[in-house]
Amino acid sequence: MTFWDHLPVLVVIVPLLAGPVCVLVERPRAAWAVALAASWVSFAMAVVLAVQVHASGAISYELGGWEPPWGIEYRIDTLGSYVLLFVTAIAALVMVAAKSSVEREVPEALIARFYAALMLAFAGLAGIVATGDAFNVFVFLEISSLSSYALISMGRDRRALTSAFDYLVMGTIGATFILIGIGFLYMMTGTLNMQDLAERLPEVSETRTVRAGFAFLTVGIGLKLAMFPLHLWLPNAYTYAPSVVTAFLAATATKVAVYVLLRFMLDVFGLDFSLGRMPLEYILLPVGVIGILSASLVAIYQGDVKRLLAYSSVAQIGYMLVGIGLASTTGITGAILHLFNHALMKGALFLALAAVAYRLGSTALHDMKGLGRRMPWTMLAIVVGGLSLVGVPATVGFISKWYLVLAALEQGLWPLALLILLGSVLAVIYIWKLVEVAYLSKPQEGSSEIPVQEAPLSMLAPLWVLVIANIYFGIHTDVSVGLARQAAIVFTGGAG
Amino acid sequence: MISWSPGIFNYLIVVFLMMSGFYVVIAQGNLIKKLVGLGLFQTSVFILYISIGYIAGGQAPIITDEVADYYSSPLPHVLILTAIVVGVATTSVGLALVVRIHEAYGSVEEDEIHARDWADDNALMEAELEVIAADNRAAESGNESKGNDNKGKDNRQADNHSENETTSKEEGMQ
């Protein structure tokens, strides 16, 4: 075996080892350098993996040389390589911006440990995507969740602590539900390998144990991805976490949870079981639509921009659930596209807010008066990201919503298509609030003693890479749509 | 050799423990008690996994000269070792958070913490309202006073003049 054959596991192990190294080096700058290097190395490996998968199909890696289904298999297919690519890319970009922001927001004594936790969270997310073993998913999920709790609690406001605690309670219940679900599947099949499970489950799919396992998994993953009624942990956690953490988690953590949902529902259980014999579409569609509308409405009334965007995240997850619930190739293509696109939008928006917080020390709406003139590049990024969130043509948001509306119309569900568009209208309102305050209000007189400057280049550069990606993938859709469609066809078997 | 078969007894215990733990998490306002409930909830799953591995009359899977008819499956036990580690980690992170919360709020009771957050919110809002009220008062007094060193007011007066001019012009045209 050459070095290149070990890439599927190295992409997880490099950040996993970087975590303890960050603690050992102790000095803030050195810890940042380690984290930066590890995330860029992971990104490079994810690029190579994506090229390999594109050239020769899914890669299977036997951990420790034990053959699957006995040993743990790492398996990277089209969707996996796609998700891995954007998770590592976001991590690499966020890490560039992290230095200035973290110095300002996290006490110096904690910085090394902050990067350690960030690396562990990243390793956990990469592991969830790379692994082909159901129990391994649980372990990596807990690695990433536990480190996220620690990261969120490092926010400056003391409410960061209580929101981290709430997230811990809800996240643990979700993870335990997933564990129970996996236990039920193991009980009936005697295997934990996802491919093997997919082969053996149809024989026993009529038993109550498998159905109960399915229900536990759906609710457990629903908690992790902030599915509408289970989203209560998300707004507080995103609002009070350090800005960099919010940018990283918003762009990756919930997306990876959606990936787990896709994996289990469509790959392990199969489309026939999840959406044919079990009424998943009757759950996902209403929950998705209610999520879109209620979270968007709540977002309109928020006075803190971070919280506003957190609610918007809950709404965007609703779109992905609707796409999966439609159960057609177009619908799942739309869901996967939105997964990718929402990571780009929210990555850009929350990084821009990190820049705002860096200069203003606050992300409250009334503190951002007249910011369009003082931080033109940051605000322009927020506007482009916001337009993308609304779904204006020539941005990525348009492409995924287009596919979702198309999928709804394909099945003659025009009220659903209208509701999706209504969600966009609500997004216009909350983005307009931001634009109005930033460009049309006069700067507050009291706060102008220290002139607010543009954010440092180290924050603007990664921010604008994401903003340009928002526009680039909105115009050149071949790559993203092609990959998403290819992944969706694998799930649906080309039907619909 | 164990001849007694547990039947579904273990699973009943699992369900009972799980629901008790879940209830404690939801019903208790004390953060420590919540963690205790969470621990109970997780522990019930450990018993579930261990019960899965048990086969009535099964031997421990150790290779000896004697060959037994049945072996208990060791895999669920190994899996649950990992889950126990995760449980311990969760509890310790949770307790660490409770310590920090106690330092920051001086309480581990949920309702008291919320009350303190509410008080903060109200204080903030009152301060903001006061600022707005002060702004309004300043604006009002500015309008009343006839001082002419205020640039903004000069502009406003200029605007008024031009408006007057346009209206008079319009009148003239009529």
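Here is a friendly conversation about a predicted model and how some of its parts meet.

Trainee: How are helix 16 of chain A and helix 19 of chain A oriented relative to each other, roughly parallel or roughly antiparallel?

Mentor: Let's start with the angle. The axes of helix 16 (residues 376-390) of chain A and helix 19 (residues 457-475) of chain A come within 10 Å and cross at roughly 30 degrees. Angles under 35 degrees count as roughly parallel. That is why helix 16 of chain A is described, relative to helix 19 of chain A, as roughly parallel.

Trainee: Which hand does the crossing of helix 16 of chain A with helix 19 of chain A have, left or right?

Mentor: Good thing to ask next. When helix 16 of chain A passes helix 19 of chain A, the crossing is left-handed.

Trainee: How many charged residues are in the contact of helix 16 of chain A with helix 19 of chain A?

Mentor: Look at who takes part: helix 16 of chain A brings residues including Trp377(A) and Val384(A), and these meet residues of helix 19 of chain A, among them Leu463(A) and Trp464(A). The contact of helix 16 of chain A with helix 19 of chain A has 8 nonpolar and 3 polar residues, and the number of charged ones is: no charged.

Trainee: Why are helix 12 of chain A and helix 18 of chain A called roughly parallel?

Mentor: Use the same kind of reasoning here. Helix 12 (residues 280-300) of chain A and helix 18 (residues 414-440) of chain A have axes 9 Å apart and pack at an angle of about 15 degrees. Since the cut-off is under 35 degrees, helix 12 of chain A and helix 18 of chain A are therefore roughly parallel.

Trainee: How many nonpolar residues does the contact of helix 12 of chain A with helix 18 of chain A have?

Mentor: Helix 12 of chain A contributes residues including Ile292(A) and Leu293(A), while helix 18 of chain A offers Leu419(A) and Leu422(A) among them. In the contact of helix 12 of chain A with helix 18 of chain A, 2 residues are polar, none is charged, and the nonpolar count is 13.

Trainee: Which helix gives the largest share of the side of chain A that touches chain B?

Mentor: The contact takes 22 residues from chain A and 25 residues from chain B. On the chain A side, helix 5 (134-153) and helix 6 (159-189) each supply at least two residues. The largest share, 14 residues, comes from helix 6 of chain A.

Trainee: Is Ser60(A) buried or partly exposed?

Mentor: Ser60(A) sits in strand 1 (residues 59-62) of chain A. A residue needs 20 or more neighbours to be buried, and 12 or fewer to be exposed. Ser60(A) has 14 C-beta neighbours inside 10 Å, so Ser60(A) counts as partly exposed.

Note on methods
Residues are numbered from 1 along each chain as its sequence is written. Chains are lettered from A and ligands numbered from 1 in the order in which they are written. This is a predicted model: local features need pLDDT of at least 70, side-chain atom pairs count only at pLDDT 80 or more; totals for chains, interfaces and linings use all residues. Axes are lines fitted to C-alpha atoms, for helices over the stretch in contact, and angles run from 0 to 180 degrees between N-to-C directions. Helices (H or I, at least four residues) and strands (E, at least two) are DSSP runs, numbered from the N terminus. Angles under 35 degrees count as roughly parallel, over 145 as roughly antiparallel, 65 to 115 as roughly perpendicular and the rest as oblique. A crossing is left-handed if the near helix is turned anticlockwise from the far one by less than a right angle, and right-handed if clockwise. Two residues are in contact if their C-beta atoms, placed from the backbone, lie within 7 Å. Ala, Val, Leu, Ile, Met, Phe, Trp, Tyr, Cys and Pro count as nonpolar, Asp, Glu, Lys and Arg as charged, and the others, Gly among them, as polar.
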